[in-house]
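Please report on how the helix and the sheet are arranged here. Which residues face inward, and which face outward?

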Amino acid sequence: MSAERTPVTVVPLDVIVDPENEETVEAELRALQAGAGASVVVVHVRARVVTPRALHLLLRARERAAAAGGILCVAAPGPAARRVFHLTGLSRVLRVAATVAGAVRRNADAGCGHPGSASPRSRAIPSPRRPGPPRPARPLGRLARPDRTRRP
């Protein structure tokens with residue numbers, strides 16, 4: 001793969017974001033984003049736990065990056081952290097990768113999922129439909145018949 005020409009800034013996120021430190025962490029992230037001068041910012045989530053506050057913080061950082069014409073990606077080496085991103089559906093929005101190099105690669109390939117740069121794989125896949133009439137309902141069993149009521 002050729003050398004990356006887009007300037008990339010890696011911002012570590014080492015703390016567990018909670019209500020007490022959310023404003024401080026966001027202020028630090030905002031300052032690093034503004035002073036980066038790079039169009040691509042990779043947030044390296046090194047905390048083992050990703051809280052809902054951290055997810056909201058990353059979404060706000062992504063919105064700021066998009067408003068400034070930049071891109072925000074997330075690198076989460078911990079499997080538990082990646083699982084949280086996956087279960088919340090934010091792995092598609094933030095284009096989460098396991099490594100910083102992977103996040104940069106995703107940026108080069110698909111633009112980290114920002115509008116106008118979505119990868120073809122991120123589109124919704126229609127569910128397959130069976131041809132023909134719908135199936136008849138299955139019987140519920142002998143206890144579900146009205147003539148067989150259960151008495152105490």
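## Helix H1 and the sheet

On one side of H1, Glu23, Ala31, Ala34 and Gly35 are exposed, meaning over 50% relative accessible area (1.4 Å probe, protein chains only). The model is predicted: local features need pLDDT of at least 70, side-chain atom pairs count only at pLDDT 80 or more, and totals for chains, interfaces and linings use all residues. Residues are numbered from 1 along each chain as its sequence is written, and side-chain values use heavy atoms, without hydrogens or water.

On the other side, Glu22, Val25, Glu26, Leu29 and Gln33 of H1 are buried, that is, under 20%, with partly exposed in between. They share one side of H1 because they cover an arc of only 95 degrees around the axis. The arc is taken from the directions from the helix axis to the C-beta atoms. An α-helix has 3.6 residues a turn, so residues three or four places apart point the same way.

The buried residues of H1 pack against these elements (contact: heavy atoms within 4.5 Å). Helices (H or I, at least four residues) and strands (E, at least two) are DSSP runs, numbered from the N terminus.

| Element packed against H1 | Residues |
|---|---|
| Strand S1 | residues 8-13 |
| Strand S2 | residues 40-45 |
| Helix H2 | residues 52-67 |
| Strand S3 | residues 71-75 |

The open sheet has 4 strands, ordered S1-S2-S3-S4, with parallel pairing; a pair needs at least two DSSP bridges. S1 and S4 (96-97) are the edge strands, each pairing on one side only. S2 and S3 run parallel, joined by 5 bridges. Histidine 44 stands opposite alanine 75 in S3.
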